Protein chains: 2
Amino acid sequence: MSTGPTPGSVPRATERPRPTDQADVRRHNAALVLGCVSEAGPLSRARVAAHTGLTRATVGTIVDELIAGGLVSEQGTRAPAGVGRPGTDLALRPDGAAGVGLEINVDGIVAAVVDLGGTVRHRAARSGDLRGRTAAAVLRSAARMVDDAVAAAYDLGLPVRGIGVAVPGLVDLGEQVLRLAPNLGWTDVAVAERLRSYAVTSWPCPVVLDNEANLAALGELWTGGHGSTDSFVLVNGDVGVGAGVVLEGRLHRGSRGFGGELGHLTVAPDGPECRCGARGCLEQVAGLDFILRQAGVRDAPRTGEDAVAPLLARLARGDERAVAAVRQAGESLGVGVAALVNLFDVDTVILGGVFAPLFPWLDEPLQAVVHRRVLSAAWAPLTVRPSRLGRDAAVIGAAYAPLRDVLADPLGADASVA
Amino acid sequence: MSTGPTPGSVPRATERPRPTDQADVRRHNAALVLGCVSEAGPLSRARVAAHTGLTRATVGTIVDELIAGGLVSEQGTRAPAGVGRPGTDLALRPDGAAGVGLEINVDGIVAAVVDLGGTVRHRAARSGDLRGRTAAAVLRSAARMVDDAVAAAYDLGLPVRGIGVAVPGLVDLGEQVLRLAPNLGWTDVAVAERLRSYAVTSWPCPVVLDNEANLAALGELWTGGHGSTDSFVLVNGDVGVGAGVVLEGRLHRGSRGFGGELGHLTVAPDGPECRCGARGCLEQVAGLDFILRQAGVRDAPRTGEDAVAPLLARLARGDERAVAAVRQAGESLGVGVAALVNLFDVDTVILGGVFAPLFPWLDEPLQAVVHRRVLSAAWAPLTVRPSRLGRDAAVIGAAYAPLRDVLADPLGADASVA
DNA sequence: AGAGTTCGTACAGCGCCTAAACATACTCGC
DNA sequence: GCGAGTATGTTTAGGCGCTGTACGAACTCT
């Protein structure tokens, strides 16, 4: 029952190459079998063997262990499809493991429990401007919510395998410290450690910290129903414009964690001055501030989901000024997206944050600009779609992160029962 | 003695997850040991064991095989540094394996032999505009040069483990076919296959095809003396401006091979129209055409290395117009580099192609723009440097590609002696 | 010269995968 | 209804690679 940070899909610091032994072979093949069962639906042992390339014997022993671990269940004999002995179908047990996610943001805290199937089994939110409050107060409150989530998971019979925490700032993954959160006004907060110390119940699982934009992108990758696409960019819109870049199934956070600053791409060199000092940054001509101002919306909060509600109302009734404002933002966004596509040839762009509800109005001008500016657009069509997870992408990503570790090493940790 | 394409560092098509067995353990650990010897200099078996985490016994048997394979050699007993029996140092045998590289470009063909240490042991070039010539004629000539290179390697006692071919166009890695080379006017040429058929001697090793920009970036990564940086962008300047993006030691070619089009990033929306249809593309305000025109250089070829010679002469004598032209290009380039750094937080940018010799004049304005436009520039300084391999980056990358396969699987292929 | 230390190798043991054989369960055809 | 045929799942022997321990070798220090 480990309590420290675990290795896994969310990399820590620099990974030194390690030696391999038979245990790693088992690990790898167990993950292969579980992944096969998880993705290719209910399957018999023999089919899993054929699909993975392993022997039936090997699959047999691995499946036994996975069943013992509670991650896989037999579904009784399937209706026989042809001649020969029919196989017993194996299926992923969605309640075989769960993760707890916590998102701390400027406008509130959200906690959630997500099971192996990626469905949210528990969700609690506490809204309110956190900018004035101390880290201690906020984290105490957040720890309470995690306590509740852990208890809820227990009641649902879900074994909690880890707790993921999403924070809006620069995170030191190795030390698990939030180095800088400009919007919260926090510096060097050991979030994971302090959460644990404030907890009423003791959490029998690791607590892992990461940046919210990164976790949102991972959430989309893991549970967003991405289909076969493992290269995409999640463009998150709010006052700022951020991007989470996933290439070939791997999140790229940049060599120092400063990546994803799509908002400060130059779009209009003669445009307004940005807070970063440059001129014509994308976020000045596609960010929430710009859209609301151009649309003439004044009666709205200046950030978060609620900010777009009045705008959406105007768009729905066809307010020309609002439509023009959003379309203009869409064009600017198109320039940024075109740059991304030119550089990385991602085939999918996902619009999140406030861009998600605005998608119907953003889509067409954005695509038009991309087609005009991207050489390969004709051969390689670009899919642009709104985020399916919406506002909860980061919490879901945070909650699912420990579950990725389980999927990558199904037999490694203890398969404790709730 | 396999003749087909091998798996390895240059990925083919989509890789399905494969099962693992003890042979893979051996492979992995052998690569680990060889990598340790290769990077950490001459080392005794015991030190290798300590460094890798393997047992001395395991290291012993692996080293025996590596020595038998000719990749590692014992260097006799080292001067004892302290108490205890001194160890016998092991070192990488640079001549234990070699790769042949071939670059086919619009202005000529280059072939080279590179050994495991990354040094060029043989080089032959044939200049001349290839745009008018048929694929058959060019490939026949190229095959002859590869024949010569293979013979030269044989004379040097170097066992050739593979042949890499760099071409200026879109490559289908799975089928090993050059789909489209606009500048050569070729479409759907099975370069590898045809080279082999034109060869006089039979090449007892795989022939692998890839795009030249990608191979140049890999060449820089593998043999460019990059130190500890495994995240960088190689910006290649000629008439067009391309980029090879390497993040965390992995080259990103994009989901369909259209990546790296830095040249069509929008830099000046009100700038001149580009051949791609958009306005203000980087390559219009930083490409070779622009620089030569602004500098007033007319007596030069319009592409390739020679094109910059007269420009360099003017720069050397302080011609103001030339200096201003290059500085202006540097500023434009800075905008593109700033975009890259904002998005991916790479810590190093390498200037290749015609940008390499112009580096002294490009550097300062480029850095100034980056500092103005990149939020994190103050915390995370950006290293900009010229390519160390220069014009030969692509050939060297092509030649070294099969050697990466050897390093990744030292015992897999036959260790044939020359 | 002997004690202490480190290096390299030999050997038994264990885990994991493979291959082949075997028991099981169902369809098909008569 | 019953045997032949087929596919599933399990069992068993065998091979391979890593680990831990033991042992000989080589060198320094006292």
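Q: Which helices and strands of chain B cover the buried residues of H5(B)?

A: First, a caution: this is a predicted model. To read a packed helix, find its buried residues, then look for what lies over them. Here the cover includes helix H4 (135-155), strand S7 (160-167), strand S9 (177-181), strand S10 (186-189) and strand S11 (207-211) of chain B.

Q: Which residues of helix H5 of chain B are buried, and where do they sit, seen down the helix axis?

A: H5 runs over residues 191-198, and its buried residues are Val191(B), Ala192(B) and Leu195(B). Look down the axis of H5(B): these buried residues fall within an arc of 95°, so they line one face of the helix.

Q: How do I read the largest nonpolar core? Which residues touch the most other members?

A: Start from the best-connected members and work outward. The core has 278 residues, and Val165(A) and Val165(B) touch the most other members. Take Val165(B). Setting aside residues up to four places away in sequence, Val165(B) touches Leu102(B), Val191(B), Ala192(B), Leu195(B), Val207(B), Val208(B), Leu209(B) and Ala398(B). Three of those names should be familiar: Val191(B), Ala192(B) and Leu195(B) are the buried residues of H5(B).

Q: Now a single residue. Is Val33(B) buried or exposed?

A: Count the C-beta atoms around it. A residue is buried if 20 or more others lie within 10 Å. Val33(B) has 27 within 10 Å, so Val33(B) is buried. Val33(B) belongs to helix H1 of chain B.

Q: What is Val33(B) in contact with, beyond its neighbours in sequence?

A: Look past four places in sequence. Val33(B) then contacts Val48(B), Thr52(B), Val59(B), Ile62(B), Val63(B) and Leu66(B). Sequence distance and spatial distance are separate readings. Val33(B) and Leu407(B) are 374 residues apart in sequence, yet their C-alpha atoms are 9.9 Å apart.

Q: How do I size up a whole chain? What is the make-up of chain A?

A: Begin with the elements, then the dimensions. Chain A has 12 helices and 15 strands. Its C-alpha trace spans about 70 × 55 × 45 Å along the principal axes. For 418 residues, a compact globule would have a radius of gyration near 22 Å; chain A has 23 Å, which agrees. Buried residues account for 52% of chain A. Among contacts in chain A between residues at least 6 apart in sequence, 65% join residues at least 24 apart.

Q: How many residues does each chain bring to the contact between A and B?

A: Count each side separately. Chain B gives 48 residues and chain A gives 47. On the chain B side, H1, strand S13 (241-247), helix H10 (320-344) and helix H11 (355-373) each give two or more. H1(B) gives the most, with 6 residues. By class, the chain B side has 22 nonpolar, 17 polar and 9 charged residues.

Q: Which residues come closest to DNA strand D?

A: List the surrounding residues, then ask which elements supply them. For strand D there are 30, and the closest are Arg45(A), Ala57(A), Gly84(A), Gly87(A) and Arg85(B). H2 and H3 of chain A, with H1 and H3 of chain B, each supply at least two residues of this surface. H1(B) has the largest share, 5 residues.

Q: And which come nearest to DNA strand C?

A: Of the 30 residues around strand C, the nearest are Arg85(A), Arg45(B), Gly84(B), Arg85(B) and Gly87(B). H1(A) supplies the largest share of this surface, 5 residues. By class, the surface near strand C has 11 nonpolar, 12 polar and 7 charged residues.

Key
Residues numbered from 1 in each chain as written. Chains lettered and ligands numbered in written order. Predicted model: local features only at pLDDT ≥ 70, side-chain atom pairs only at ≥ 80, totals over all residues. Near = placed C-beta within 6 Å. Helix = DSSP H or I, 4+ residues; strand = E, 2+ residues; numbered from the N terminus. Contact = placed C-beta atoms within 7 Å. Nonpolar A, V, L, I, M, F, W, Y, C, P; charged D, E, K, R; others polar. Core = buried A, V, L, I, M, F, W, Y, C linked by C-beta atoms within 7 Å. Buried ≥ 20, exposed ≤ 12 C-beta atoms within 10 Å, placed from the backbone. Rg over C-alpha atoms; globule rule 2.2 N^0.38 Å. Arc of directions from axis to C-beta.
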